[in-house]
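Open the model in your viewer and keep the selection panel handy. We will move from one stop to the next, and at each one I will say what to select and what is there.

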Amino acid sequence: MQQKIRFQIEGMTCQACASRIEKVLNKKDFVESAGVNFASEEAQVTFDDSKISAADIAKIIEKTGYGAKEKTEDALPQPEETTHVSWRLWLLLAINIPFLIGMVGMMLKGLNWTRHD
């Protein structure tokens with residue numbers, strides 16, 4: 001029976017790493033399809049669970065030199081309920097106000113702080 005499972009991959013440093021894992025998995029006869037996403041550090045594997053287990057697939061990934069942990073729906077990160085605006089954001093906004101005023105002035109062609117007459 002076909003089963004689809006997701007793994008969290010650790011240790012990938014480039015897209016070639018993801019391609020290598022994908023290539024190794026897709027060569028196995030018990031794997032129907034395997035896709036590895038470097039950006040999200042995830043692998044999604046569809047395999048025949050009568051021939052191999054998810055733990056064995058994780059071992060295959062680990063033999064290629066990367067860490068693999070089965071991803072469950074419970075492991076999804078929970079969003080923070082409140083957001084806190086840092087004082088750094090307010091400082092950056094205050095620093096940028098003169099720049100923004102100058103840009104608006106140049107757009108309206110009425111205020112030009114860069115002209116030296």
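The tour below goes through strand pairing, the nonpolar core and a few individual residues of this predicted model.

**Stop 1: the strands**

Start by selecting residues 2-10, which form strand β1, together with residues 42-48, which form strand β3. These two strands run antiparallel and are joined by 7 bridges. To find your place along the pair, highlight Gln8, which stands opposite Glu42 in β3.

Now add β4, residues 67-70. Strand β1 is joined to β4 as well, by 4 bridges, and the two run antiparallel. Here the marker is Ile9, which stands opposite Ala68 in β4.

**Stop 2: the core**

Which residues touch the most other members of the largest nonpolar core? Select Phe7, Ile9, Val45 and Ile61: among the 23 residues of this core, they are the ones that do so. The elements that contribute two or more residues to the core are β1, α1 (15-26), β2 (31-37), β3 and α2 (54-63). Colour α2 separately, as the largest share of the core, 5 residues, comes from that helix.

Stay with Phe7 and show its surroundings. Leaving out residues up to four places away in sequence, Phe7 has contacts that include Val45, Ala54, Ile57, Ala58 and Ile61. Glu42, Ala68 and Lys71 are also among the residues that Phe7 touches.

**Stop 3: Lys71**

Select Lys71 next, in the loop between β4 and α3 (87-108). Which side chain makes a polar contact with the side chain of Lys71? Show Glu42 to see the partner, with the polar contact at 2.3 Å. Beyond four places in sequence, Lys71 touches Arg6, Phe7, Gln8 and Glu42. You have met Gln8 and Glu42 already, as the residues standing opposite each other in the β1 and β3 pairing.

**Stop 4: Asp48**

Go back to strand β3 and pick Asp48. Asp48 is buried, yet it has no salt bridge. Its nearest side chain of opposite charge is that of Lys51, 4.3 Å away; the cut-off for a salt bridge is 4 Å. Display Met1, Gln2 and Phe30 too, since Asp48 touches these three once residues up to four places away in sequence are set aside.

**Stop 5: Ala55**

Finish on helix α2 by selecting Ala55. Is Ala55 buried or partly exposed? Ala55 counts as partly exposed because its relative accessibility is 48%. For a last distance label, link the C-alpha atoms of Ala55 and Glu70: they are 8.1 Å apart in space, while the two residues are 15 apart in sequence.

Conventions: Residues are numbered from 1 along each chain as its sequence is written. This is a predicted model: local features need pLDDT of at least 70, side-chain atom pairs count only at pLDDT 80 or more; totals for chains, interfaces and linings use all residues. Side-chain values use heavy atoms; hydrogens and water are left out. A polar contact is a pair of N or O atoms within 3.5 Å; within protein, one must be able to donate a hydrogen and the other to accept it, and residues adjacent in sequence count only if both atoms are side-chain atoms. Contact means heavy atoms within 4.5 Å. Two strands pair if DSSP finds at least two bridges between them. Buried means under 20% relative accessible area, exposed over 50%, partly exposed in between (1.4 Å probe, protein chains only). Lys and Arg count as positive and Asp and Glu as negative; His and the chain ends are not counted. A nonpolar core is a set of buried Ala, Val, Leu, Ile, Met, Phe, Trp, Tyr and Cys residues joined through side-chain atoms within 4.5 Å.
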